[in-house]
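Let's take a walk through this model, starting from a single spot and working outwards. Keep the 3D view open as you read.

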Number of protein chains: 2
Amino acid sequence: MIANTVKAQQSPVKEKLHPNSPVQELIQYISQFMPLAEAEAVEIAKTIKVKSFEKGAHLVKEGQVSRLCYFVLKGCIRQYYLMDGEEKTTNFFTEGQPVTAYEGTFKRKASKFYLSCVEDSILTIGSAEDEALFFQKFPRLEPASRMAVEEELGKSQGLLSSYILSSPEERYLNLLQTRPDLLDRVPQYQLASYLGIKPESLSRIRKRITLK
Amino acid sequence: MIANTVKAQQSPVKEKLHPNSPVQELIQYISQFMPLAEAEAVEIAKTIKVKSFEKGAHLVKEGQVSRLCYFVLKGCIRQYYLMDGEEKTTNFFTEGQPVTAYEGTFKRKASKFYLSCVEDSILTIGSAEDEALFFQKFPRLEPASRMAVEEELGKSQGLLSSYILSSPEERYLNLLQTRPDLLDRVPQYQLASYLGIKPESLSRIRKRITLK
DNA sequence: CGCAGTTCTTAACTAAAGTCAATGAACGCC
DNA sequence: GGCGTTCATTGACTTTAGTTAAGAACTGCG
């Protein structure tokens, strides 16, 4: 049902990408780094693999060896670690964000974390082989890809910095500004863990804030 | 004086990179992602720009717009933010680590942080233009570079996760394991700030630990 | 050597997060 | 609609970090 919407529409005259297709999310992302002609966008949309996942489905589990890469077209993916029986959330990926299921490029090591769908989600999926073929077909995108990864690296380092710099309360206020959607999409105990605190503390922080 | 050591040695018969040259640090780094022939290594060493910095020198200051990239051949670079008169350290870069002086690829925005030399340091230095020329000369390294950035992204995300997952004490113990050299190279109040706590707290943590 | 500046430690006190336990609210399920 | 599960809140208490201030240890320099 949802899966139907992910097929790129084809017209007999001129191929176009349906403006409501979730794949637009990826095309837009790429366009940031490299302008794309309509025809190219259609080609890309045909080439990439798209898959729907149900809420609760896992992309990776701890101990699995994965070399897959995802990109969120629709939905929300949660990264978490399982430590003495407790889930500790360390990241959320939503529309327009790339998701790597591994922590380093070569060493195909067992994953230390889980990736699971917070909602029904539509993702692009790519293996290392898919990637190689992709760049063979679209060599123009190799530098664009490097730029994209550099951009993500910058964001990640900025996020780490802001985490070091601020208190849990400040982190919560910051999240309110930068990713307000998460507050509605995600249960509070997962947010708390993402902020590095316990659910009880988040409750108190929220109370403290409303009292001001 | 130090600068002398950074010139690649040349022999009349066959060019070789001096085994003690700091540039070896970069060659080794690249080799992780793409095997290099000796001749290539020499070419790379000739192409890249190397510069020495004195302890205390700044690579970037807050408000400056930089598009430079560095790689630490020798020494230690500290990243810090200045917040109401207080320096908050958010990263240390040592031998074999790439350093970006900006937070995002295109938007040439004013830097929010400082980068300064904790010790006398030898770095490679590259502008966006240098980079373009470099990949023109060594196209083989374009995918290697993407892999390298992916690797750094993985590390950065892993670091953020470990930061979220652990308490200040655990972070300190972890640092002891993963970067013991920093303890000798860097004053404790900077380490404290890097751990997200005050120097007094680090003192207490250290005391707590020795009592066990 | 002695002095000055910086860094590290200690102590007393405050503020905030962790822990444990109980209660409420929201949701899905029969 | 009633029941059970899960999630959010609240309270009492413990632990840890922040704050302020003082003194000790170390460093570099005249």
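Bear in mind that this is a predicted model. Our starting point is A:Gly96, which sits in the loop that links strand 5 (86-94) to strand 6 (98-100) in chain A. Is A:Gly96 buried or exposed? Neither label quite fits: A:Gly96 counts as partly exposed, because it has 14 C-beta neighbours inside 10 Å, and being buried would take 20 or more.

Who does A:Gly96 touch? Leaving out residues up to four places away in sequence, its contacts are A:Glu25, A:Tyr29 and A:Val72. You can also look across to A:Ala148: it is 52 residues from A:Gly96 in sequence, and the two are 12 Å apart in space, C-alpha to C-alpha.

Now for how the two chains meet. Here, 30 residues of chain B are in contact with 31 residues of chain A. On chain B's side, strand 4 (76-83), strand 5 (86-94) and helix 4 (141-165) each supply at least two residues. Helix 4 of chain B gives the most, with 20 residues.

Next comes DNA strand C, with 17 residues around it; the closest are A:Pro168, A:Ile197, A:Ser201, B:Gln188 and B:Ser203. Helix 5 (168-178) and helix 8 (199-210) of chain A each supply at least two residues of this surface, as do helix 7 (188-194) and helix 8 (199-210) of chain B. The top contributor is helix 8 of chain B, with five residues.

Here's what the two surfaces are made of:

| Surface | Nonpolar | Polar | Charged |
|---|---|---|---|
| Side of chain B that touches chain A | twelve residues | eleven residues | seven residues |
| Surface near DNA strand C | six residues | four residues | seven residues |

Technical notes:
Residues numbered from 1 in each chain as written. Chains lettered and ligands numbered in written order. Predicted model: local features only at pLDDT ≥ 70, side-chain atom pairs only at ≥ 80, totals over all residues. Near = placed C-beta within 6 Å. Helix = DSSP H or I, 4+ residues; strand = E, 2+ residues; numbered from the N terminus. Nonpolar A, V, L, I, M, F, W, Y, C, P; charged D, E, K, R; others polar. Contact = placed C-beta atoms within 7 Å. Buried ≥ 20, exposed ≤ 12 C-beta atoms within 10 Å, placed from the backbone.
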